[in-house]
Each structure stands twice: as structure tokens, then as C-alpha cells.
Amino acid sequence: MIEGFTTMGDGCSIAWEQTGVEGPALILSNSLGTSMDMWKPQMDVLYKRFRVIRYDTRGHGRSDVPAGAYGLDRLGRDVLELASDLEIERFAFCGLSLGGMIGQWLGLRAPERVSQLVIANSSPFMGPPSAWDARIKLVLSNGMDAIVEGTLSRWFTQNFIAEAKNIEEIRNIFIKTDPVGYAGCCAAIRDMDMRSVLKLIHVPTLIVGGKYDPATPPEHTYALRDGIAGAQCVMLEAAHLANIEQAENFTKVLLEYFK
Ligand SMILES: O=C(O)CCC(=O)CC(=O)O
């Protein structure tokens, strides 16, 4: 495993880790309020098949936290600049929720760089903008603690919360996220609307949804499936963080798709 930081064109430092240097490149992109650590359940399997690069989206983990609103365009360019810095011309990409929105941007804006896309628990539009403004205001004034319980109840089903051993670890990742970085990414989601341009994505794509996901519910999954020509779709028995709640099945789905 090697890890490092890459400075983006605007000066923002992005933290990354590369595991399993043989094989085709696969970039993993985290959801809002998590970090590259969210992919832990997949790593043991994926690194045997791929050169896996996971990174902390700006504002998260060990990446820099620029002040102000971020945009999907900047978040997408972070992936391209990171890949170029690691001398990766073409890569497979898997992103969950916000990561999946970045995946949509890559499919639209940089199809020549992306061999296959997996868009998990995501959405082409997560309105209304006023809800994001309220969330930004709350987190900037009261911190991550103010929203952690509500967030966990969207991320996982009650059964999973009652039984899982890694809830505290995940809660800690969320609590440690800088509210400024969280708010910056909330603004990127607030301002994103890919509904009318999904049809312009021609990269081979798999959409993964969570049957019990209240954040990006099945109808959002189906909107992505129906909007992206030829997209395949799998629905898992999970809430929002399906790669954690249904870790084994999620990994299996990835391996099957990337075969
Ligand atoms: O998880 C994301 O990347 C964005 C969607 C979201 O806000 C999930 C949540 O409800 O916390």
C-alpha cells in the first residue's frame, strides 16, 4: 500500500491511498460525511484484482477543507487531476451517493478516461435546494453532533444499527468530518441537477440502489437506470451506505460487473 497527497490546480491537497498495484485501475469515491475508510469492507477482495485508488473527497478525511461552496465540476476535476498525477489514463470508477454524483460528472465530461462506472446509492437530483441550505446552516452553526443521529438513521436500517459492530467507527468518521468541508459538499449536491443530461452518458454503467434507502430512495436509483442508456441495475437489501450494510453482496456485485 502506498499513500500520498496530490495538490489540485486550485491548491487543494487531496489525500489518497493505492493498494494492489497490479491490474486495471479502480478509483473509489466516498459519500458525504465519510472518508476513504468507508471502503474498508471491500478492500480485501478488490485489491487482489485491481490497482485500487481511494481518496478523501475535498472537505473530508485528510484532504484539505477549502472554505465556501464546492461544485460538482471541481469535485470531478479532482478525480481527473488525481488520476493524471498517478499516471492513470483510464480507470474504472465506483462512487457512492456524492461519489456517484461525481461518477455521473465523469461519465458526462470525461468519458475517454472512464472504462466502467458504478453509481451506488445516488441520485441525479436531490432537491429541494432549501433543504440543503437548512442542513448547511445547521451544521455550520451547531457542528456535526447536531445531525449525527438523523444521518445514521438514513445510512443504515434499524436492524443493522442494532447488530453491527462497526457503527461506532462510522459514527466517529462522521463526527470528525469538518463541518466546513461537509457544508461545501452539501452545496455541490444542492446545485447538482443531472436529470436532463443523463442521456448523454455513454460509459458502461452499473447502478446500485438500496431497497430501504431514505436518502436516495429506489425511485432515484431507477431514474439513473432509466436515464443512462444501457445501464444495468441491482437493488440491495440495505439503506444508504449499502457497501457497509450489505458489504459482501456489494463486493460480489462489483466483481461480477467488472468481470
Ligand atoms: O450521502 C451522500 O453522499 C449524500 C446524500 C446524503 O446526504 C445522505 C444523508 O442523508 O446523510
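This note goes through the ligand site, the enclosed and open spaces, and two backbone details of a predicted model.

1. The ligand and its neighbours. The shell around the ligand holds 13 residues, and those that come nearest are Leu32, Ser97, Arg135, Arg154 and His240. Sorted by class, this shell is made up of 7 nonpolar, 4 polar and 2 charged residues.

2. Polar contacts of the ligand. Arginine 154 places a side-chain N or O atom 2.4 Å from an oxygen atom of the ligand. At leucine 32 the partner is a polar backbone atom, 2.7 Å from a ligand oxygen. Tryptophan 155 also takes part, with an N or O atom of its side chain 3.3 Å from an oxygen atom of the ligand. On its own the ligand would expose 310 Å², and the protein buries 99% of that area.

3. Where the shell comes from. Two helices, H4 (129-142) and H5 (148-155), each contribute at least two residues to the shell around the ligand. The largest share is that of H5, with 3 residues. Arg135 is among the nearest residues to the ligand, and its number falls within the range of H4. Arg154, also among the nearest, falls within the range of H5.

4. The cavity. How many cavities of 30 Å³ or more does a search of the whole structure find? The search finds 1. The largest cavity has a volume of about 160 Å³. Its lining comprises 16 residues, with Leu32, Ser97, Arg135, Trp155 and His240 closest to the centre. The space taken by the ligand is this largest cavity.

5. Make-up of the cavity lining. By class, 9 of the lining residues are nonpolar, 5 are polar and 2 are charged. Helices H4, H5 and H8 (179-190) each supply at least two residues of this lining. H5 gives the most, with 3 residues.

6. The open pocket. The largest pocket contains about 270 Å³ of space. Which residues lie nearest its centre? They are Ser35, Asp37, Gly61, Arg62 and Lys176, out of 13 that line the pocket. Helix H7 (residues 167-176) gives the most to this lining, namely 4 residues. The pocket lining divides into 2 nonpolar, 5 polar and 6 charged residues, whereas the lining of the largest cavity has 9 nonpolar, 5 polar and 2 charged.

7. A cis peptide bond. The bond from glycine 127 to proline 128 is cis, and its omega is near -5°. Proline 128 sits in the loop between strand S6 (114-120) and H4. H4 is also one of the helices that supply at least two residues of the ligand shell.

8. A positive phi. Glutamate 87 is not a glycine, yet its phi is positive, at about 60°. This residue belongs to the loop that runs between helix H2 (72-85) and strand S5 (91-96).

Methods. Residues numbered from 1 in each chain as written. Predicted model: local features only at pLDDT ≥ 70, side-chain atom pairs only at ≥ 80, totals over all residues. Heavy atoms only, no water. Near = heavy atom within 4 Å. Polar contact = N/O pair within 3.5 Å; in protein donor to acceptor, adjacent residues only side chain to side chain. Areas by Shrake-Rupley, 256 points an atom, 1.4 Å probe, with all protein chains shown as cover. 1 Å grid on protein atoms, 1.4 Å probe; cavity = no way out; pocket = protein on both sides within 12 Å on 5 of 7 lines; lining within 4 Å. Sits in = over half its atoms within 2 Å of the grid points. Nonpolar A, V, L, I, M, F, W, Y, C, P; charged D, E, K, R; others polar. Points joined across faces, edges and corners; volume = space filled by probe spheres on them.
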